[in-house]
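Hi there,

Here is the structure I promised to pass on to you. Have a look at it first, and my notes follow underneath.

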Amino acid sequence: MPELPTLPSGEAAAETVLRAAVEESRHRAKTDPNQGLPELAAACAALGDRLREMGDTVQAEKFYCEALDIYKELSARKPAVWEPYTARISGKLGLLLSGTERVKAAEWFHRVAVDTWRKLAEREVRYAPDLAAACQDLAVFLSDTGRAEETERYFRVALDTRRKLAEGNPERYEPEVADTCFALAQYLFQERQEPAKGFFEEAYEIYRRYPRFAEDAERAKRVLDRFFTRTH
């Protein structure tokens with residue numbers, strides 16, 4: 001009996017399966033674009049995710065860009081259906097490139113994501129969480145560029161958006177309010193400690209209400225105990 005081939009395991013196995021899915025979808029896209037193109041975009045995005053997790057930035061960017069090009073083509077025909085996908089992949093490219101020397105490209109993708117989510121959120125409130133996340137990602141990116149006013153503005157857009165969402169669904173969105181408060185407080189800490197203190201306190205008070213965020217509450221408490229006299 002011939003020996004069975006050795007199958008890859010772990011990350012290599014996942015990458016192999018995803019690459020096979022990309023090639024299968026690529027073939028289908030040639031014969032049936034209506035079905036094949038969306039499948040190819042999704043497969044490229046999934047492979048990009050896996051490659052990013054594996055630390056292969058170059059290959060991840062390649063497949064993200066292929067997915068983005070397809071989603072742009074699809075968006076030209078049905079923007080309401082496919083624009084959220086272009087925004088999501090743009091945001092992933094912004095995050096992917098943020099840790100590289102491709103600073104201008106990273107910023108461009110972050111801004112495309114923010115602008116697209118903003119347009120979508122103006123039409124449908126269900127995209128507001130995506131807008132908040134994209135604004136915070138852009139703020140974090142800008143925090144290393146010396147553009148303080150713009151950085152704080154995007155943090156506050158993210159925070160205001162999440163506060164509004166939390167009014168209707170506190171269980172779901174209050175922890176995200178706390179996350180943004182903590183990130184903004186960290187950014188403000190070096191130059192403006194009084195407002196930073198207020199945001200650290202707000203983050204702490206929210207986290208401590210939810211047992212599943214006990215570690216985050218403890219982290220905020222440590223900051224307050226070390227650097228501030230808490231008012232609560």
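Helix 6 is the top contributor to the lining of the largest pocket, supplying five residues. Keep in mind that this is a predicted model. Helix 6 covers 128-142, and two other elements, helix 4 (79-98) and helix 5 (103-123), also supply at least two residues each to that lining. The volume of this pocket comes out at about 200 Å³. If you would like to select the lining in your viewer, these are the residues to pick:

- R88, G91, K92 and L95
- H110, A113 and W117
- P129, D130, A133, A134 and D137

Now for the chain as a whole. What does the order of elements look like from the N terminus on? It reads α-α-α-α-α-α-α-α-α-α, which fits the count of ten helices and zero strands. Along its principal axes, the C-alpha trace spans about 70 × 50 × 35 Å. Of the 232 residues in the protein chain, 45% are buried. Taking contacts between residues at least 6 apart in sequence, 53% of them join residues at least 24 apart.

A few numbers on surface and charge may be handy for you too. The protein chain has an accessible surface of about 13,100 Å², and carbon and sulfur atoms account for 52% of that. There are 36 positive and 41 negative charges in the chain, and their mean positions lie 2 Å apart.

I also looked at two charged residues individually.

The first one is E176, which sits in helix 8 (residues 170-188). Is E176 buried or exposed? Its relative accessible area is 18%, and buried means under 20%, so E176 counts as buried. Q59 is 117 residues away from E176 along the chain, and 31 Å separates their C-alpha atoms.

The other is R28, in helix 1 (residues 10-31). R28 has a relative accessibility of 24%; because partly exposed covers the range between 20% and 50%, R28 belongs to that class. Which residues does R28 touch, leaving aside those up to four places away in sequence? They are P33, Q35, G36 and E39. For the pair R28 and E39, eleven residues apart along the chain, the C-alpha atoms are separated by 8.6 Å.

That is everything from my side for now. Happy to talk it through whenever suits you.

Best wishes

Technical notes: Residues numbered from 1 in each chain as written. Predicted model: local features only at pLDDT ≥ 70, side-chain atom pairs only at ≥ 80, totals over all residues. Heavy atoms only, no water. Helix = DSSP H or I, 4+ residues; strand = E, 2+ residues; numbered from the N terminus. Buried < 20%, exposed > 50% of the residue type's maximum accessible area, 1.4 Å probe, protein only. Contact = heavy atoms within 4.5 Å. Areas by Shrake-Rupley, 256 points an atom, 1.4 Å probe, with all protein chains shown as cover. Lys, Arg positive; Asp, Glu negative; His and termini not counted. Charge placed at Lys NZ, Arg CZ, Asp CG, Glu CD. 1 Å grid on protein atoms, 1.4 Å probe; cavity = no way out; pocket = protein on both sides within 12 Å on 5 of 7 lines; lining within 4 Å. Points joined across faces, edges and corners; volume = space filled by probe spheres on them.
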